[in-house]
Amino acid sequence: MSTILITGATSGLGRYVAFELVRSGHVVLAHGRDPGRTESLVEELRAEGDAEGFVADLASLSQVRDLGAKVAEAHPELDVLINNAGVGAGSPGSGREVSADGHELRLAVNYLAPVALTHALLPTLKANAPSRIVNVGSVGQEPLAFDDPEFTHGYGGFPAYCRSKFALAAHTFALAEELAGTGVAVNVLHPATFMDTAMVREGGVAPWSTVADGAPGVLALATRELGTGGYFDGTSPARAHEGTYDPELHKRLAAVTDQLLTT
């Protein structure tokens with residue numbers, strides 16, 4: 001059985017997946033932003049199996065790095081990371097928001113946070129290979145504007161969300177190549193379309209599917225050997241936006257990402 005960290009576990013897809021994993025006998029490390037909700041979730045999970053809670057605001061890169069350090073110290077046996085937490089498009093008509101570090105909020109939480117957390121936990125995951133990184137992405141992908149990665153001009157919530165998920169997919173494919181031969185598999189998936197979550201409802205969208213519809217793809221990538229560098233639509237191998245596979249884009253994205261993570 002695996003020791004699995006899942007971010008954004010207190011609601012929606014993350015909560016559902018956490019219960020499925022703990023019931024299957026895995027050790028679940030449940031991340032949440034709110035201490036009370038995280039503690040409550042862990043109490044429920046412990047009625048089913050082995051679980052521990054970790055609190056961090058993923059809109060703060062220092063808290064993301066602290067989360068990685070605490071998990072690595074407390075659970076050196078960690079062998080699966082599920083980057084699930086995310087921020088949606090926001091309520092209709094809402095303006096641009098920024099993170100604690102001043103980054104555009106969707107880019108910060110949906111992209112920079114999983115990149116920073118993955119980096120912090122890579123030594124542990126490499127030590128426990130074969131291990132897995134599962135990035136929860138979206139079919140909604142729109143190329144990042146390298147001349148304005150923070151989306152300061154012509155901002156829109158949905159395009160900002162799609163840009164962050166494009167970046168996450170491209171990063172996944174670049175990281176898979178970088179980790180080739182290490183035994184660490186990294187994949188990205190679109191779990192299901194417009195699941196019945198607070199994120200979707202806030203965006204003014206009538207849900208098309210349930211979190212139960214989105215869970216099988218995440219669970220499969222977290223617990224089964226399905227290769228590396230893949231994009232999945234649910235449980236089916238698929239193709240991400242063609243731009244996410246471009247090696248030159250990977251180089252530009254890495255340079256911009258390094259700059260954003262140090263500012």
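Helix 3 and helix 4 are roughly parallel to each other in this predicted model, since the two helices pack at an angle of about 25°, and an angle under 35 degrees counts as roughly parallel. Their axes lie 9 Å apart, and helix 3, which covers residues 61-74, passes helix 4 in a right-handed crossing. On the side of helix 3 the contact is formed by Leu61, Val64, Leu67, Gly68, Val71 and Ala72, and these meet Leu112, Ala113, Ala116, Leu117, Ala120, Leu121 and Thr124 of helix 4. Sorted by class, the residues of this contact comprise 11 nonpolar and two polar ones, with no charged residues.

Helix 4 also packs against helix 8, which spans residues 247-261. Here the axes come within 11 Å and cross at roughly 95°, and helix 4 and helix 8 are therefore roughly perpendicular to each other, because the range for that description runs from 65 to 115 degrees. Leu107, Tyr111, Leu112, Val115 and Ala116 of helix 4 make this contact with Leu253, Thr257, Leu260 and Leu261 of helix 8. Eight of the residues involved are nonpolar and one is polar, while none is charged. Leu112 and Ala116 of helix 4 are thus listed in the contact with helix 3 and also in the contact with helix 8.

Two individual residues of helix 4 fill in the picture. Arg106 is found in this helix, and with a relative accessibility of 2% it counts as buried, because buried means under 20%. Which residues surround the arginine, once those up to four places away in sequence are set aside? Arg106 touches Val87, Gly88, Ala89, Gly90, Glu97, Tyr111, Tyr155, Gly157, Ala160, Tyr161 and Ser164. With one of these residues, Tyr155, the side chain of Arg106 shares a polar contact of 3.5 Å. The C-alpha atom of Arg106 is also separated by 7.7 Å from that of Gly86, although the two residues are 20 residues apart along the chain.

Further along helix 4, which covers residues 105-127, is Thr118, a residue that counts as buried at 4% relative accessibility. Apart from its neighbours within four places in sequence, Thr118 is in contact with Leu81, Asn83, Ile133 and Leu175.

After helix 4 the chain enters a loop that leads to strand 5 (131-136), and Pro130 is found in that loop. The peptide bond from Ala129 to Pro130 is cis, with omega near 5°, and this deserves a second look because most peptide bonds are trans. Another backbone feature to examine is at Phe151, in the loop between strand 5 and helix 5 (157-178). Phe151 is not a glycine, yet its phi is positive, at about 55°, and with a relative accessibility of 4% the residue counts as buried.

Towards the N terminus, helix 1 (residues 12-23) and helix 2 (residues 35-46) form another packed pair, with axes that come within 10 Å and cross at roughly 30°. Helix 1 and helix 2 are therefore roughly parallel to each other, and their crossing is right-handed. The contact brings together Arg15, Ala18, Phe19 and Val22 of helix 1 with Leu41, Glu44 and Leu45 of helix 2. By class, these residues divide into five nonpolar and two charged, with no polar residues.

Thr3 has its place in strand 1, which covers residues 3-6, and at 6% relative accessibility Thr3 counts as buried. Leaving aside neighbours within four places in sequence, Thr3 is in contact with Val27, Leu29, His75, Glu77, Leu78, Asp79 and Val80. One of these contacts is also polar, with the side chains of Thr3 and Glu77 meeting at 3.2 Å.

A last residue to look at is Glu242, in the loop between strand 8 (236-238) and helix 8. Is Glu242 buried or partly exposed? Its relative accessibility is 49%, so Glu242 counts as partly exposed, given that exposed begins over 50%. The C-alpha atoms of Glu242 and Asp147, which are 95 residues apart along the chain, are separated by 20 Å.

Methods. Residues are numbered from 1 along each chain as its sequence is written. This is a predicted model: local features need pLDDT of at least 70, side-chain atom pairs count only at pLDDT 80 or more; totals for chains, interfaces and linings use all residues. Side-chain values use heavy atoms; hydrogens and water are left out. Helices (H or I, at least four residues) and strands (E, at least two) are DSSP runs, numbered from the N terminus. Buried means under 20% relative accessible area, exposed over 50%, partly exposed in between (1.4 Å probe, protein chains only). Contact means heavy atoms within 4.5 Å. A polar contact is a pair of N or O atoms within 3.5 Å; within protein, one must be able to donate a hydrogen and the other to accept it, and residues adjacent in sequence count only if both atoms are side-chain atoms. Axes are lines fitted to C-alpha atoms, for helices over the stretch in contact, and angles run from 0 to 180 degrees between N-to-C directions. Angles under 35 degrees count as roughly parallel, over 145 as roughly antiparallel, 65 to 115 as roughly perpendicular and the rest as oblique. A crossing is left-handed if the near helix is turned anticlockwise from the far one by less than a right angle, and right-handed if clockwise. Ala, Val, Leu, Ile, Met, Phe, Trp, Tyr, Cys and Pro count as nonpolar, Asp, Glu, Lys and Arg as charged, and the others, Gly among them, as polar.
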